[in-house]
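The following exercises are to be worked with the sequence and the model in view. Each task is followed by a solution in steps.

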Amino acid sequence: MEITQLIREQVVKAVDQLYSHTVDTSSLLVSPTRKEFEGDYTLVVFPFTKAAKKGPADIAKEIGDFLTSEVKEITGYNIIKGFLNLNVVNAYWSKYLNDLYHQEDFGQHAPNGRKVIVEYSSPNTNKPLHLGHMRNILLGWASSKIIAKAGNEVIKTQIINDRGIHICKSMIAWQLYGNGETPETNGTKGDHLVGKYYVEFNKKDKEQSAILPKEQESEIMLQARELLKKWEANDPATIEMWKTMNGWVYAGFNQTYENLGVTFDVVYYESETYLLGKDIIIKGLENGVFYQKEDGSVWIDLEDVKLDHKLVLRSDGTSVYMTQDIGTAKKRYEDYQMDGMTYVVGDEQNYHFKALFEILKKLKEPFAENLHHLSYGMVNLPHGKMKSREGTVVDADDLIKEVIGEVEQESKERGELDASEEEKQDIWRIVGLGALKYHLLKVNPKKPMVFDPKESVDLQGQTGPYIQYAYVRIQGILRKLDEEVNFEHVVNYQEIEPQEKHVLLLLQQYPGIIQRAANNFDPSEIAHYCYDVASAFHKFLHDVQVLTANTSEAKAFRLMLCKTTGNILKSAFALLGIEMPKRM
RNA sequence: GGUCCAGUAGCUCAGCUGGAUAGAGCAACAGACUUCUAAUCUGUAGGUCCCAGGUUCGAAUCCUGGCUGGAUCACCA
């Protein structure tokens, strides 16, 4: 059993016996003792003053005496103000390490029978992915891994916004100015090529609009609208061009996804789902969930949940965004019978998702009680917002290439790496991506973040490479190990150093951290945990000798600690979608 | 105007259901490589936790009011 749980249970018993007062284990505050004080775990006793009718110091003493006599793992205590600092016997820690070492896939929670869909990325097909998408994609990937680790079955999906006026804009510009250019003929990645014509469209549109009255739309805009009409009428030539250009974009997206190491279990296309949902509206109209205005438009009243009236069907009977989302959710339920769903979407859509979830509740969909919007803040650059029109967008592919290049250069300056050219390339890729991903994931999702490209390739301090380096040092030690080590006596090892205990204390928290990160939909908690572990480990490695330890028992204990730390760091980084290099 | 989110060191961020003297990293300065990889470690300096009230033994954290920045409230997606 985890020691904090044991302490909690015994404190409950103590309070009951001493003061005839019942407390709940979960309400107790037991936390690792702050490093400036002596002890391993601290109990805050202030909350008992009322029930005990005594001062905190007396209560701490009585509970401390109770615990030391009743719990063999507790060997002593000290009291500072209302804080009871407990000492845990060293044997507990060595036994705990031994258990951890032999446990397979530590941190994985038992299956809870729940199935969850995580939707993320969901790009438009008219331009390449940029930094904002990257935050989305990394958050989506990490949270689906974390949710799965917490015991849920997870289905990862994206909905591709492959139809609409935006893609028609790229299409018309390509038709007018492209001269039949393809990714093959000019060697450009497909999404970038299509994006180029989207930019071209905007340029022409601006030029043409400049000489027209305010209200009047440009020639090229009218042409794009014409194209959308043709698409909706299933015009063969238009559909053909649409398929071709989207195909280019998908090839490009897939390459970026592959570079980022992310996958999807199922992909939905808006062109196939945008008509869904109407029948649900009609049915909901019949049983009074929705109401119809005189012009024929259909609405829902969400004032009871402090939202507005929301349109769900236009007066001409066509669907809106909300209609589609209702339909898509329902379709997913038909496909997978999920218990809940998580949408990874920027916080500018908070209102939309609140409304969507309320509507699904009113429709009494079986999954409606477990919907979550993983809402994340905008990614800003040091000098302000990203704006495509001003050319200040950070392209995902460029960024990936850049960080890997930086790492390569830095690595070369640090001296020759003992590895083949191929291995080196792989190391630089892992470290570069590690830096970038960690940089984006360490920030709490709901906070808007400032992305400084220079800082994203930092290799020192609270960064991905710092954590990877801890893993690399462990591998180095294991490589140097040239004799058999007898791990049998680790269970009884007594001479535990504070640095070692600190690492162990953190390792013990791993399953709990996973649970919390899953509950909060917050990968940054994993990121910070990894840093804490790596930091404690670097300190341990600096202060304590492993291979040249004084006794064989100490050596075995420390090696076991190294291996276990390495496994947990690798496991936790995998949750963030970050690989570990063997050397760097 | 309504709603939501954010505001903590020069910068980027932590701070769990309210708990000890508010913590890290970067940048600055000063140290530690003949040693398991110094992509590391140690130290110095840096704070009106946006402001004002309130609740509490105790508030960065909870409540109320305000300030600043952002988003949103479309028969757009």
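**Exercise 1. Aromatic pairs**

Task: Determine how many aromatic pairs the predicted model contains, and classify the pair F253 and Y257 by the angle between the ring planes.

Solution. The count comes to 22 aromatic pairs. For F253 and Y257, the ring centres are 6.4 Å apart, which satisfies the limit of 6.5 Å for a pair. Their planes stand at 50°, and an angle that is neither under 30 degrees nor over 60 counts as tilted; therefore this pair is tilted. Next, locate the two residues: both belong to helix α10 (residues 236-260), where four residues, about one turn of the helix, separate them. Finally, F253 and Y257 are both buried.

A second example is the pair F537 and F540, with 5.5 Å from centre to centre and 55° between the planes, again a tilted arrangement. These two residues are three apart in helix α21, so about one helical turn lies between them. F537 and F540 are both buried.

**Exercise 2. The surroundings of S121**

Task: State where S121 lies, whether S121 is buried or exposed, and which side chain makes a polar contact with the side chain of S121.

Solution. First, S121 is placed in the loop between β5 and α5 (131-149). Second, its relative accessible area is 6%; because buried means under 20%, S121 is buried. Third, the side chain of S121 forms a polar contact of 2.6 Å with that of Y257. Beyond neighbours within four places in sequence, S121 is in contact with N136, I137, Q158, Y257 and F264.

**Exercise 3. Two positive phi values**

Task: For D105 and K364, give the phi value, the loop and the degree of exposure.

Solution. D105 has a phi near 50°, a positive value in a residue other than glycine. D105 lies in the loop between α4 (90-102) and β5 (115-119). With a relative accessible area of 44%, D105 falls between the limits of 20% and 50% and is therefore partly exposed.

K364, likewise not a glycine, has a positive phi of about 60°. The loop that holds K364 runs between α14 (350-362) and β12 (371-376). At 69% relative accessibility, K364 is over 50% and so counts as exposed.

**Exercise 4. Paired strands**

Task: Describe how β9 pairs with β8 and with β10.

Solution. Strand β8 (residues 291-292) pairs with strand β9 (residues 298-301) in the antiparallel sense over two bridges. In this pairing, W299 is the bridge partner of Y291. Five residues lie between the strands of this hairpin, and G296 has a positive phi near 100° there. On β10 (residues 309-313), β9 also pairs in the antiparallel sense, over four bridges. Here D301 stands opposite H309.

**Exercise 5. The surface near RNA strand B**

Task: Identify the residues that come nearest to RNA strand B, and list polar contacts with its bases and phosphates.

Solution. There are 62 residues around RNA strand B, and F83, D295, Y466, Y469 and V544 come nearest. For the bases, a side-chain N or O atom of N85 is 3.2 Å from a base nitrogen, and a polar side-chain atom of S315 is 2.9 Å from a base nitrogen. For the phosphates, a polar backbone atom of V450 lies 2.8 Å from a phosphate oxygen. Turning to the elements, α18 gives the largest share of this surface, seven residues. By residue type, the surface divides into 26 nonpolar, 16 polar and 20 charged residues.

Conventions:
Residues are numbered from 1 along each chain as its sequence is written. Chains are lettered from A and ligands numbered from 1 in the order in which they are written. This is a predicted model: local features need pLDDT of at least 70, side-chain atom pairs count only at pLDDT 80 or more; totals for chains, interfaces and linings use all residues. Side-chain values use heavy atoms; hydrogens and water are left out. Two strands pair if DSSP finds at least two bridges between them. Buried means under 20% relative accessible area, exposed over 50%, partly exposed in between (1.4 Å probe, protein chains only). A residue is near a molecule or strand if one of its heavy atoms lies within 4 Å of it. A polar contact is a pair of N or O atoms within 3.5 Å; within protein, one must be able to donate a hydrogen and the other to accept it, and residues adjacent in sequence count only if both atoms are side-chain atoms. Ala, Val, Leu, Ile, Met, Phe, Trp, Tyr, Cys and Pro count as nonpolar, Asp, Glu, Lys and Arg as charged, and the others, Gly among them, as polar. Contact means heavy atoms within 4.5 Å. Rings of Phe, Tyr and Trp (its six-membered ring) pair if their centres lie within 6.5 Å; planes under 30 degrees apart count as stacked, over 60 as edge-to-face and the rest as tilted.
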